[in-house]
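Biologist: Please take a close look at how charged side chains pair in this structure. I should then like to hear how the other local features may be read, in terms that a first-year student can follow.

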Amino acid sequence: RVPEVLERLDGAPAVGVDIETTGLDPYKARVRTLQLAVPGLVYVIDAHRVDLRLLRPVLESEAFKILCHGKFDLRFLLQAGLGVANPFDVMLADQVLRAARDPRGLAALAQEYLGESLDKALQRADWSGELSSAMLEYAARDAAVLLPLFAKITDRIKAEGLGRVVEIENRALPAVAWIELKGVPINRQAWLSLAEKAQDRRQRLEEELNAPAGRPINRRSPQQVLDLLRRLGIQAPNTRESTLKEVADRYPIARPIVRKLLEYREVAKAYSTYGADFLKHVHEATGRIHADWCQIGAESGRMACRDPNLQNIPSDGGYRGCIVAPPGRVFVKADYSQIELRIAAKIAPDERMLEAYREGRDLHTLTATALLGRKEITGADRQLAKAINFGLIYGLAPQGLQRYARWQ
């Protein structure tokens, strides 16, 4: 019946697309059913009986493919050798409308926009065996609701003038799904070596911090840290990083111990977060880390990453150097150059900044040159200027700027 499906869906402006899978991991599970919906008609295709690649003309057509939590569906379809052209994820569109980082599932969206209640109990059913009539009805209903949901959401998008924003998010969706599916290669041995070094460094700092106290102390205990400072004649109300830096600014005698405390915290965090346990995220089938990339991970619209957070890997210490391309491959990196500062220059408008960008000059280097009064600028100089440029446009106060500069 595949020719019938292709004929009936040919020329449709929008097609609801949904899948049911035998599990959540595209490397361990597979697509069980593929649902394709147009007004008044839903096809539920059993992937155990039909080669889904035969449906490529539908999935790769110019019609909008309406999905919910499209990243999940696209990863499984990509793994099955299928691409999806012109996706429209109602979940992403809803996030844009609400300026929210918390995505809502299909049941919540159907209730919000259509006033319909969807029973999602069969979502957790075993889809690897025989398909019951109830399961087929469930799959068909999830696909059918996508089209009226798309109509309601697009009406609101137009009313709010957010069409361009939603378009950008949906155009990015296939790339996000691909990134998550392909994963990140990592040099396990190099990573373990860094973990051992962090452990050694942590132990040395523990010994150095124990010496002034005359006994072992718990660096994680605020009370014991405060007691240690009092032994040195230093009074502090708490052990927050900002407080410790303020205390060290007032009491020069406190600076060495405060630096060690802060360094210990940094090393301890690196060891606990990026130690050997981090490698538990390496997938047994691919040897790569397949993190969960949240396309709208913050209310500002920025991406986020979790399980693990690959965006937060330290830029120093060699950790990023452990992410290496496999033999015969290279990483290609692309990034907007100082995009926030370019926007700030336009909004201000600041003629010196605008002129620098028109001339193709690096604003961080120019700032470092102006501040330090020398032409030869090091990487550390530029990093300091970078903090100043970004800090000032994001509200860093003079005292905060002084403190940052002093502790670099």
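**Salt bridges and other local features**

Modeller: Glu 167 and Arg 164 join their side chains in a salt bridge, with an N to O distance of 3.3 Å. The model in which this pair is seen is a predicted one. Both residues belong to helix H8 (residues 163-182), where they stand three residues apart, about one turn of the helix. Glu 167 has a relative accessibility of 38% and therefore counts as partly exposed. The general principle is that side chains of opposite charge can pair when their charged atoms come close.

The whole structure holds 26 salt bridges. One of them joins Arg 32 to Asp 46, whose closest N and O atoms are 2.9 Å apart. This pair links distant parts of the chain, for Arg 32 is in strand E2 (residues 31-38) and Asp 46 is in strand E3 (residues 41-46), 14 residues apart. Both Arg 32 and Asp 46 are buried.

Another salt bridge is formed by Arg 98 and Asp 102, with 3.8 Å between the closest N and O atoms. The limit for a salt bridge is 4 Å, so this distance falls within the limit. Arg 98 has 29% relative accessibility and is therefore classed as partly exposed. Asp 102, with a relative accessible area of 43%, is partly exposed as well. These two residues also take part in a network of salt bridges, which links Asp 94, Arg 98, Asp 102, Arg 104, Glu 112 and Arg 156.

From charged pairs we may turn to helix packing. Two packed helices are described by the angle between their axes and the distance between the axes. The axes of helix H6 (residues 133-144) and helix H7 (residues 146-160) come within 5 Å and cross at roughly 20°. H6 and H7 are therefore roughly parallel to each other, since angles under 35 degrees are counted in that way. On the H6 side the contact is made by Asp 142, Ala 143 and Ala 144, and on the H7 side by Leu 146, Leu 147 and Pro 148. Sorted by class, this contact has five nonpolar residues, one charged residue and no polar residues.

The cysteines are considered next. A disulfide is a covalent bond between the sulfur atoms of two cysteines. A search of the whole structure finds zero disulfides. For Cys 68, the closest cysteine sulfur is that of Cys 294, 15 Å away, which is too far for a bond. Cys 305 is in no disulfide either, the nearest cysteine sulfur being that of Cys 294 at 7.2 Å. Cys 68 is buried, with 13% relative accessibility, and Cys 305 is buried, with 7%.

Finally, the backbone deserves attention. Most residues other than glycine have a negative phi, and most peptide bonds are trans. Asp 307, although not a glycine, has a positive phi of about 55°, and the peptide bond from Asp 307 to Pro 308 is cis, with omega near -5°. Asp 307 lies in the loop between E9 and H13, as does Pro 308. With 54% relative accessibility, Asp 307 counts as exposed. Gln 338, found in the loop between E9 and H13, has a positive phi near 50°. Gln 338, in contrast, is buried at 10% relative accessibility. A cis peptide bond also joins Ala 348 and Pro 349, with omega of about -25°; Pro 349 is placed in the loop between H13 and helix H14 (351-358).

Technical notes. Residues numbered from 1 in each chain as written. Predicted model: local features only at pLDDT ≥ 70, side-chain atom pairs only at ≥ 80, totals over all residues. Heavy atoms only, no water. Axes fitted to C-alpha atoms, helices over the stretch in contact; angles between N-to-C directions. Helix = DSSP H or I, 4+ residues; strand = E, 2+ residues; numbered from the N terminus. Parallel < 35°, antiparallel > 145°, perpendicular 65-115°, else oblique. Contact = heavy atoms within 4.5 Å. Nonpolar A, V, L, I, M, F, W, Y, C, P; charged D, E, K, R; others polar. Buried < 20%, exposed > 50% of the residue type's maximum accessible area, 1.4 Å probe, protein only. Disulfide = S-S within 2.5 Å.
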